[in-house]
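These exercises are meant for a reader meeting the structure for the first time. Each one sets a task and then works through a solution step by step.

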Amino acid sequence: MTKRNIIKKAVVRTQGRGTALFGLYDVRRRARKKKDECFTALLHHVTIDLLEQSFRELRKDAATGVDEVTWHEYNRQLMKWLPDLLERVHSGRYRALPTRRTYIDKEDGSKRALGITAIDDKIVQQAVSTILSQIYETDFNGFSYGFRKGRSQHNALDALYTGITRKRIKWILDADIQGFFDNINHEMLMDFIKKRVGDKRILRLINKWLKTGYIEEGRQIRLEKGTPQGSVISPFLGNVFLHYVLDLWINQWRRTKAKGDVIVVRFADDFVVGFQYHDEAQQFIKELNLRLKVFELNLHPEKTRLIEFGRYAETNRRQRNEGKPETFDFLGFTHSCSKNRKGYFTVKRITKKKKFKKKLKEVKEELRKRMHAKFEKTAKWLRSVIVGHQNYYAVPGNMKAVKEFYTQVIRAWLKMLRRRSQKGRNLTWERYRRKTEWLIPRPRLKHPFPNKRFDARNLR
């Protein structure tokens with residue numbers, strides 16, 4: 001009889017309402033009403049509908065884990081494999097597979113370890129993350145933007161711009177936690193989760209994903225600390241950990257100890273704090289270091305800086321003969337002090353140089369590989385690259401950099417086409433532009449002014 005309960009679909013109360021999140025609305029409503037309640041029965045919300053929805057939310061082109069099953073292969077056997085996965089989860093027979101370890105290059109030249117999860121684990125992790133998000137979305141602070149539904153990098157950038165231009169901010173702390181995902185203490189993390197989650201079956205699943213470890217060079221290595229970057233549930237667990245370690249502490253600090261204005265914007269482990277007074281900023285850094293050490297974390301010594309920034313920074317530095325105000329990087333943009341056409345202070349945001357050069361290099365290398373590919377196929381790929389770049393970086397004040405990227409990519413493709421054969425030398429710029437003008441859109445602004453969009457999202 002209990003097996004029928006997990007297969008049975010919920011009744012839809014309205015015409016446009018799905019069944020996957022049907023029971024979770026009550027969980028969210030109760031979590032918002034009772035901030036200290038611990039939920040002891042959650043696994044029954046993992047239904048066949050939720051697993052299917054979780055599968056559809058996964059990336060179709062993602063790399064395969066140790067099971068070597070792609071999204072498309074799983075999709076062909078979906079109606080056969082999902083019920084079996086559901087039964088294994090509810091009966092306790094589900095076993096998490098270790099992740100496949102791979103490495104990617106970082107900006108500083110070092111390597112970042114990624115853990116590629118098996119597709120069964122991805123589906124269950126996505127489902128559990130969806131359930132727990134209904135609870136924690138009512139707890140998370142407003143200045144936390146990383147990996148949350150309805151919030152993006154541009155929302156974080158809007159909040160940062162609005163806070164600097166509207167508050168009396170004179171100092172900026174650009175902070176980064178060193179190796180955050182690799183140094184999360186498992187016991188502390190589980191203690192934080194137990195404050196709101198009392199379902200032992202959910203806790204057992206999370207513990208499995210933390211302890212399973214990874215496979216590298218044929219050997220399985222268990223994890224004693226940290227969560228594998230690249231797994232579906234790691235960003236959510238990171239948000240929960242930082243909520244208790246950082247967010248709640250910062251809120252209390254600026255309410256009880258700060259006398260001037262303080263703004264905070266956090267995206268995952270990368271966060272920016274703005275201060276009105278220099279002495280308060282220095283006091284905050286000292287106490288922040290002590291706070292993080294309690295939870296076995298440290299600020300990155302090279303990526304963490306306190307700089308003078310704001311509407312009076314240029315004047316104050318000129319009086320001290322210290323040159324222009326320093327800049328800081330956040331979410332792919334370099335932020336600097338500037339003035340608009342009317343002469344008022346504004347924060348100028350341009351594409352980070354390392355990001356610009358890295359992306360341009362990747363495009364040129366791919367164009368070399370596609371030198372002899374069909375013109376229309378390459379044009380379709382190049383269109384997706386340029387449109388994706390514009391969708392992120394085409395913000396007010398950054399159009400010069402966006403146009404520069406567009407121009408260099410277009411010229412690089414022309415150079416490749418001319419090298420295809422001897423006849424390619426006859427391809428003039430005018431002829432080339434006529435062929436590509438209707439295929440690849442010209443640069444144009446994609447985002448409104450940040451304070452306008454911030455006000456629209458936060459009507460209060």
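**Exercise 1.** How many nonpolar, polar and charged residues does the lining of the second largest pocket have?

Solution. The model is a predicted one, in which local features need pLDDT of at least 70 and side-chain atom pairs count only at pLDDT 80 or more, while totals for chains, interfaces and linings use all residues. Residues are numbered from 1 along each chain as its sequence is written, and side-chain values use heavy atoms, with hydrogens and water left out.

Step 1. A pocket is an open set of points on a 1 Å grid over the protein atoms alone, where a 1.4 Å probe fits and protein lies on both sides within 12 Å along at least five of seven lines; its lining residues have an atom within 4 Å of a point.

Step 2. The lining of the second largest pocket comprises 21 residues, and those nearest its centre are Y161, N340, R341, T346 and F449.

Step 3. Sorted by class, the lining has eight nonpolar, six polar and seven charged residues, where Ala, Val, Leu, Ile, Met, Phe, Trp, Tyr, Cys and Pro count as nonpolar, Asp, Glu, Lys and Arg as charged, and the others, Gly among them, as polar.

**Exercise 2.** Find which element gives the most residues to the lining of the second largest pocket.

Solution. Helices (DSSP runs of H or I, at least four residues) and strands (runs of E, at least two) are numbered from the N terminus. Strand β11 gives the most to this lining, with five residues.

**Exercise 3.** Decide whether α7 is largely enclosed or not, and explain why.

Solution. Step 1. Buried means under 20% relative accessible area, exposed over 50%, and partly exposed in between, with a 1.4 Å probe and protein chains only.

Step 2. Because 12 of the 14 residues of α7 are buried, this helix is largely enclosed by the rest of the structure; among the buried residues are H154, L157, Y161 and I164.

**Exercise 4.** Describe the surroundings of W81, a residue of helix α5 (residues 78–91).

Solution. Step 1. W81 counts as partly exposed because its relative accessibility is 32%.

Step 2. Setting aside neighbours within four places in sequence, W81 is in contact (heavy atoms within 4.5 Å) with V69, E73 and Y74.

Step 3. From C-alpha to C-alpha, W81 and D120 are 9.2 Å apart in space, although 39 residues apart in sequence.
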